[in-house]
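Subject: The structure I promised you

Dear colleague,

Here is the structure for you to open beside this message. Please keep it on the screen while you read, and turn to each place as it comes up.

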Amino acid sequence: MKHAENNLGWIHAERGTVMKVSNQTSQSLQKILTGVVCILAGLSLILTPCEKVHASDDVAQSERKVVKVGYNPMEGYFMQSEDGMKSGYGYDITQKMLVYENWQYDYVGYEENYSENHMFDLLESGQVDLLVYALKTEDRMEKFSYSTLPVGYIASRIIAKTGNNEFSVNNFEKWDGIKVGFLTDSSEGEAFSEYAANNAFTYQEVGYETREALENAIQQDEIDIAVAPNFTTFENVWILDQFDEIPVYAAVNKENSQLLTEVNSALSKIESDDAEFREELYRKYYASDMGSAIPYTQEEAAFVEQSAKEKKVYKALINPDRKPLSYYEEGEMKGLLTDICQTIFERSGLTVEFIVTQTRDEYMAEMDQADIICDFTGDYGKAELNGFIRTDTYYNSATSMLRRKDYDGTGNRCAIVGSSISGWLRDNLDAEFISYDSVEDCIQAVIDGDADFLYSYTRCVQDWVYSDVTNSLVVVADNHQNTDFSLAVKGNENSNLSSILVKSIGTITKEDISKTADAYTYYQKGKPTLLAMIYAQPVFFVMVIIFVVIFFFGMGLFLLGLRQRKHDKIRNKELSQALDDAEKATQAREDFFSRISHDMRTPMNSILGLVTLSADETDAKVLKENMYKIRESGTYLLGLINDTLDYQKFNSDQMQLHPEVISIRKLIHSCTDMVTENADEKGITFRIVNKNTNFDGYVLVDVMCIRKIFLNLLSNAFKFTAAGGTVELVVEELGREGNLVHDRITVKDTGSGMSPEFLEDGIFKPFSQENNTITPLHEGTGLGLSIVKQLTELMGAELSVESKLGQGTTFTIEIDFETVERGKAENAENTEQTEKNRAMCQIKGKNILLVEDHPLNAQIVTKLLEKAGCNVTWAKDGSVAVELFEQSELSQYDLVLMDIRMPVMNGLDATKYIRKLEREDAKTIPIIALTANAYEEDVKKYREAGMNECLIKPIDPNKLYVTIASVK
């Protein structure tokens with residue numbers, strides 16, 4: 001067949017799949033350093049003479065060969081927008097070649113609207129060096145040299161209206177006498193005539209002037225099918241067949257042999273590096289829209305319809321032991337492969353359900369019950385041998401090695417599950433294969449050093465490394481082995497089932513795969529949080545709180561010192577103001593400690609008073625109530641200490657919510673117990689008003705955040721209300737939607753109020769308090785309302801305030817709470833206790849090396865561990881711990897609890913020293929950090945030093961037991 005000259009350059013190539021995973025992380029310090037580098041770079045550019053920059057550009061340009069490329073208008077192949085932006089199949093080909101060759105282009109012919117024949121005349125005369133749309137004809141082969149590899153293919157396509165399954169290439173008897181549409185200016189007729197003769201059918205030819213007219217004729221059923229070049233795009237059509245495929249090449253003048261060599265080199269490298277490039281370009285510029293329907297034959301469509309009528313359910317099976325590819329969770333089969341298969345089944349129109357299995361053994365046992373195997377990885381021969389029919393590939397997975405970080409490459413012990421040695425491993429790996437019962441056992445063998453490595457699918461290996469609490473494993477990619485996943489249909493099933501699934505697989509695009517993979521690609525470990533307090537004897541509890549207070553004062557002094565130095569540096573430019581600045585800084589420090597001391601005394605007085613009362617109390621019920629109040633006051637005191645830290649977290653976007661289940665009544669009373677005592681002392685009437693709210697219900701909320709909001713607002717109300725005044729806490733339910741309840745919380749007082757100026761400009765600013773004749777300056781940090789504002793915004797609530805000077809203030813919060821059924825809430829409480837009890841049983845009898853320089857802290861942790869049946873050895877600093885470990889017998893200690901800040905040798909140095917010891921247990925013994933510093937950058941340093949986990953002071957006994965039980 002002879003094709004029209006303007007039919008050149010449209011592509012047909014094999015399909016494939018490309019998956020890309022990107023992950024970007026940044027830290028605050030990195031951002032600051034990056035900014036500094038950018039500023040310095042900008043200054044260097046400003047200071048650099050312009051002439052030098054231009055001269056450098058000229059040198060770079062002179063090193064590239066100028067190639068004049070033919071670029072005449074062709075829809076989809078060579079295009080250019082009004083602003084000069086080029087695009088098209090042929091343009092992308094030239095740009096791809098530019099990656100590999102030291103060229104620069106001069107495009108010729110678009111503005112002049114040259115024809116294709118004219119471009120070949122320019123190539124012959126030397127005014128153009130390269131054309132990328134040349135057919136091999138006898139006369140042109142005498143004048144031009146062609147590339148070894150084609151840049152694409154042109155072909156003729158037979159298309160039908162989407163949903164029209166009357167015509168099939170498997171049954172040409174129904175084609176006899178059909179109406180066939182052609183473009184009148186194309187040369188498809190001769191080739192189709194031969195096609196019809198070869199397949200023994202006759203047809204009526206109908207011509208159309210434009211593509212739009214031909215497309216409309218198909219959609220309006222004026223014709224049965226259409227024949228058009230493969231570079232012509234249509235909407236809502238099915239491609240029945242493609243024939244008369246002819247390659248298209250790049251062409252140069254015969255005298256330009258050097259350019260031809262470079263062209264061949266570039267095309268060869270494109271083929272080697274990205275074999276799917278041409279197919280991707282074809283889909284980008286010439287793919288027709290096939291609509292949402294799958295082109296089933298009449299037999300296949302009838303099979304789908306009959307299956308639906310009979311309510312036929314096909315059973316599918318997938319291995320649950322390949323997380324995140326396929327796994328069992330919460331009673332369902334999940335994973336990347338599972339989701340892709342589910343999409344295939346949904347598009348097929350058939351009803352398919354997964355056989356739920358929890359283990360690999362269950363999966364193997366259910367093989368005979370399955371109609372479809374979803375994760376078949378063998379070839380056609382293996383499928384037939386096992387009684388199945390293999391379909392097309394729907395996903396391809398790379399393989400990676402899992403090994404320890406300290407693996408030196410000398411060992412060759414490969415862990416496998418059962419006797420399942422893949423053909424690739426057997427043929428390519430000279431290793432000793434060691435069998436284990438499960439994947440988990442294989443991974444543990446690598447961690448323990450009983451095996452040197454194992455091989456599996458890359459996503460699985462990445463998930464194992466991510467879940468490794470020992471932080472001792474690493475992924476090593478292997479680019480030599482890939483696995484194709486396909487469906488396998490039981491051999492005794494109707495063949496329509498397998499053909500339908502093949503066509504459904506054909507609808508799965510790279511975009512579908514990429515979108516599905518997103519949910520299984522990005523991981524983010526949860527950030528550690530500051531625990532509320534420790535549960536211990538009252539005296540110990542008070543001493544711990546005092547220690548935290550001292551730490552806070554030290555931190556405050558340090559921060560104020562930094563702030564003072566910064567102000568001094570700025571103000572030193574004006575010597576006359578130096579003395580005034582120093583006095584202001586001193587006064588600010590005194591005011592700060594004066595205000596914070598009052599807020600600390602309130603809960604501290606409650607704690608000490610209750611401890612004194614408890615010393616002579618014999619009633620267990622009263623003691624228990626006192627302990628509860630001590631705990632609540634201590635929690636508030638610790639929250640006050642954290643206010644400054646929270647303010648810093650807000651500024652660095654580190655604040656996160658940590659919801660937990662709590663009863664509404666308990667939440668409210670935990671916030672009001674302390675302020676109730678203040679009400680009695682000051683002679684203030686305090687009321688809790690319930691408007692249509694179920695105080696006996698449970699909600700899922702960040703308890704610490706809500707308490708901070710309530711306590712700050714209530715404390716301010718009592719602080720600024722004189723004797724005889726009134727404070728009200730009103731809780732009102734406004735409505736419900738599902739499990740969400742919309743509440744309005746109001747804190748109202750009859751106190752001194754605030755001025756309009758302060759309401760507008762100062763109320764929510766940190767360290768801000770109003771001071772006038774009606775509202776004198778009160779003691780406090782001045783951070784409370786600023787933190788309330790930020791916490792309400794973090795929780796998605798709306799905060800408003802109304803106040804009149806001398807009349808009082810009303811704060812209103814509208815917030816949505818997620819309600820929790822009583823049974824689920826009680827189950828959660830029981831689960832927490834059960835988890836604690838289980839952990840205490842698991843760690844009973846463990847020998848633990850406790851490294852802690854503070855004797856009281858060491859005594860507290862020792863008693864908590866001994867309560868769980870552990871044997872504790874105390875080392876007062878890192879050097880003593882190292883000495884005890886070196887002198888101990890192999891595996892004498894099961895675990896190390898390591899403080900960070902210690903004299904002589906700190907915890908990080910001690911951990912690094914232990915990990916480097918030439919002892920088998922030095923590499924594997926779990927080491928847990930005990931520290932009050934638990935920001936993300938701190939935890940990263942602990943893990944880099946060799947620590948497995950991190951416990952935050954003050955220590956929560958439940959967390960202590962569970963963490964020890966979890967590390968291996």
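A residue is called buried when its relative accessible area is under 20%, and exposed when that area is over 50%. Please keep in mind throughout that this is a predicted model.

**The cysteines**

By that cut-off Cys-374 is buried, since its relative accessible area is 0%, and Cys-950 is buried as well, with a relative accessible area of 14%. How many disulfides does the structure hold? The number is zero. A disulfide needs two cysteine sulfur atoms within 2.5 Å, and the cysteine sulfur closest to that of Cys-374, which belongs to Cys-341, is 4.1 Å away, so the two are too far apart for a bond.

**The nonpolar cores**

Cys-374 also appears among the contacts of Tyr-394, which, once neighbours within four places in sequence are set aside, include Leu-337, Ile-340, Cys-341, Ile-344, Asp-375, Phe-485 and Leu-487. Which residues touch the most other members of the largest nonpolar core? That core has 52 residues, and the ones in question are Ile-344, Phe-345, Tyr-394, Tyr-395 and Leu-487. Apart from this core lies another, of 47 residues, with Phe-78, Ala-134, Ala-250 and Ala-266 among them. As background, nonpolar side chains in soluble globular proteins tend to be buried together.

Ile-340 is worth finding next, in helix H11, which covers residues 336-348. With a relative accessibility of 2%, Ile-340 counts as buried. If you leave out residues up to four places away in sequence, Ile-340 touches Tyr-394, Tyr-395, Ile-513 and Thr-516. Ile-340 and Tyr-395 are 55 residues apart along the chain, yet their C-alpha atoms are separated by 8.5 Å.

**A buried arginine**

Is Arg-404, which you will find in strand S18 (residues 388-404), buried or exposed? Arg-404 is buried, because its relative accessible area is 14%, a value under the 20% that sets the limit. The side chain of Arg-404 reaches the backbone oxygen of Val-446 at 2.9 Å. Beyond its neighbours within four places in sequence, Arg-404 is in contact with several residues, including Val-446, Ile-447, Asp-452 and Ser-472.

**Two open sheets**

One open sheet is formed by three strands in the order S13-S14-S15, with antiparallel pairing. Strand S13 (321-322) and strand S15 (332-334) stand at its edges with a single partner strand each, so one side of each is left without a neighbour in the sheet. Strand S14, residues 326-329, pairs with S15 in the antiparallel sense over three bridges, and Tyr-328 stands opposite Met-333 in S15. In the loop between S13 and S14 lies Pro-324, which is joined to Lys-323 by a cis peptide bond with an omega of about 10°.

The other open sheet has five strands in the order S31-S30-S32-S33-S34, and here the pairing is parallel. Its edges are strand S31 (871-875) and strand S34 (949-952), each of which has a single partner strand, so that one side of each has no neighbour in the sheet. From one strand to the next the twist averages 20°. Strand S30 (residues 847-851) runs parallel to S31 and is joined to it by five bridges, and Leu-850 stands opposite Trp-874 in S31. Helix H28 (residues 878-887) packs on this sheet, where it touches S30 and S31, and its direction makes about 130° with that of S31. Helix H32 (residues 957-966) packs on the sheet too, touching S30, strand S32 (895-899), strand S33 (927-931) and S34, and its direction makes about 170° with that of S34.

**Two residues with positive phi**

Finally, please look at two loops. Asp-221 is not a glycine, although it has a positive phi of about 60°, and its place is in the loop between helix H7 (211-219) and strand S10 (225-229). Lys-311 is not a glycine either and has a positive phi of about 55°; its place is in the loop between helix H10 (298-309) and strand S12 (313-317). Asp-221 counts as exposed at 53% relative accessibility, and Lys-311 is exposed with a relative accessible area of 72%.

With best wishes

Technical notes: Residues are numbered from 1 along each chain as its sequence is written. This is a predicted model: local features need pLDDT of at least 70, side-chain atom pairs count only at pLDDT 80 or more; totals for chains, interfaces and linings use all residues. Side-chain values use heavy atoms; hydrogens and water are left out. Buried means under 20% relative accessible area, exposed over 50%, partly exposed in between (1.4 Å probe, protein chains only). A polar contact is a pair of N or O atoms within 3.5 Å; within protein, one must be able to donate a hydrogen and the other to accept it, and residues adjacent in sequence count only if both atoms are side-chain atoms. Contact means heavy atoms within 4.5 Å. Two strands pair if DSSP finds at least two bridges between them. Helices (H or I, at least four residues) and strands (E, at least two) are DSSP runs, numbered from the N terminus. Axes are lines fitted to C-alpha atoms, for helices over the stretch in contact, and angles run from 0 to 180 degrees between N-to-C directions. A nonpolar core is a set of buried Ala, Val, Leu, Ile, Met, Phe, Trp, Tyr and Cys residues joined through side-chain atoms within 4.5 Å.
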